[in-house]
Amino acid sequence: PPPERIYIGGLDPPRLTAQDVLNRLPKNAVEIHSVESSMEKPYCHVTATPTTTSTTTALEIFFSTFNNVKWKGCRLMVQAARPHFL
């Protein structure tokens, strides 16, 4: 399947960073292609594909793992990201 661009909102660097979120993903669930994040912004964009051959998409894996989860005082939000401006 083609890589999907995923928006993860609700981050609060330095309390909760994009790397913290990626470290909590289930082992070998998705292959991460790129991560766009900033210490000043409360969100990140992740480009990923699922590693399994099932019908589950990378967005579904992120959504079921993180959407509406409260962690380190932050409530995370996951959705499909808009296409990259480039």
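**Entry 1: a pair of opposite charges**

I began with Arg 5 and Glu 36, whose side chains meet in a salt bridge with 3.1 Å from N to O. The two partners come from distant parts of the chain, since Arg 5 belongs to strand S1 and Glu 36 to strand S2 (residues 30–37), with their positions 31 residues apart. I note here that the model I am reading is a predicted one. As a general reminder to myself, side chains of opposite charge can pair when their charged atoms come close.

I then looked up how open Glu 36 is, and found a relative accessible area of 28%, so Glu 36 counts as partly exposed.

**Entry 2: the rest of the surroundings of Arg 5**

Which residue offers its backbone oxygen to the side chain of Arg 5? I found that this oxygen belongs to Arg 82, and that it lies 2.4 Å from a polar atom of the Arg 5 side chain. The contact with the Glu 36 side chain, at 3.1 Å, is listed as a polar contact as well. Leaving out residues up to four places away in sequence, I wrote down the residues that Arg 5 touches, among them His 45, Val 46 and Thr 47, and also Ala 80, Ala 81, Pro 83 and His 84.

**Entry 3: the other salt bridges**

How many salt bridges does the rule give? The count comes to 3, and I went through the two that I had not yet looked at.

Arg 15 and Asp 12 meet through their side chains at 2.6 Å, N to O. Arg 15 has 44% relative accessibility and so is partly exposed, and Asp 12, with a relative accessible area of 29%, is partly exposed too.

Lys 72 and Asp 20 form a salt bridge at 3.6 Å, N to O. Because Lys 72 sits in the loop between strand S4 (70–71) and strand S5 (74–75) while Asp 20 sits in helix H1, this pair ties together parts that are 52 residues apart in sequence. For Lys 72 I noted a relative accessible area of 43%, which makes this residue partly exposed.

**Entry 4: how the strands pair**

I turned next to strand S3, which has partners in both S1 and S2. S1 and S3 run antiparallel and are joined by 6 bridges, and in this pairing Gly 9 stands opposite Tyr 43 of S3. S2 and S3 also run antiparallel, joined by 7 bridges, and here Ser 37 stands opposite Cys 44 of S3. The connection from S2 to S3 is a hairpin that passes through 5 residues.

Is S3 mostly covered or mostly open? I found that S3 is mostly covered, with 7 of its 8 residues buried. While following the strands I kept in mind that in a regular strand the side chains alternate between the two faces of the sheet.

**Entry 5: the nonpolar core**

I looked up the largest nonpolar core and found that 21 residues belong to it, with Ile 8, Leu 11 and Phe 62 having the most contacts inside it. At least two core residues come from each of strand S1 (4–9), helix H1 (18–23), strand S3 (43–50) and helix H2 (58–66). H2 gives the most, with 4 residues.

I followed Phe 62 further and, again not counting residues up to four places away in sequence, I found that its contacts include Ile 6, Ile 8, Leu 22, Leu 25, Val 30, Ile 32, Val 46, Ala 48 and Val 78, together with Asn 67.

**Entry 6: two rings in helix H2**

How many aromatic pairs does a search of the whole structure find? The search finds 2. I looked closely at one of them: the ring centres of Phe 62 and Phe 66 are 6.2 Å apart and the planes stand at 45°, so the pair is described as tilted, the class between 30 and 60 degrees. The two residues are 4 apart in helix H2, which means that about one helical turn separates them. Both Phe 62 and Phe 66 are buried.

**Entry 7: Thr 17**

My last look-up was Thr 17, which lies in the loop between S1 and H1. Its relative accessible area is 19%, and because buried means under 20%, Thr 17 counts as buried. Beyond residues up to four places away in sequence, Thr 17 touches Leu 11 and Met 39. I also noted that Thr 17 and Pro 42, though 25 residues apart in sequence, are 8.5 Å apart in space from C-alpha to C-alpha.

Terms used
Residues are numbered from 1 along each chain as its sequence is written. This is a predicted model: local features need pLDDT of at least 70, side-chain atom pairs count only at pLDDT 80 or more; totals for chains, interfaces and linings use all residues. Side-chain values use heavy atoms; hydrogens and water are left out. A nonpolar core is a set of buried Ala, Val, Leu, Ile, Met, Phe, Trp, Tyr and Cys residues joined through side-chain atoms within 4.5 Å. Buried means under 20% relative accessible area, exposed over 50%, partly exposed in between (1.4 Å probe, protein chains only). Contact means heavy atoms within 4.5 Å. A salt bridge is a side-chain nitrogen of Lys or Arg within 4 Å of a carboxyl oxygen of Asp or Glu. Two strands pair if DSSP finds at least two bridges between them. A polar contact is a pair of N or O atoms within 3.5 Å; within protein, one must be able to donate a hydrogen and the other to accept it, and residues adjacent in sequence count only if both atoms are side-chain atoms. Rings of Phe, Tyr and Trp (its six-membered ring) pair if their centres lie within 6.5 Å; planes under 30 degrees apart count as stacked, over 60 as edge-to-face and the rest as tilted.
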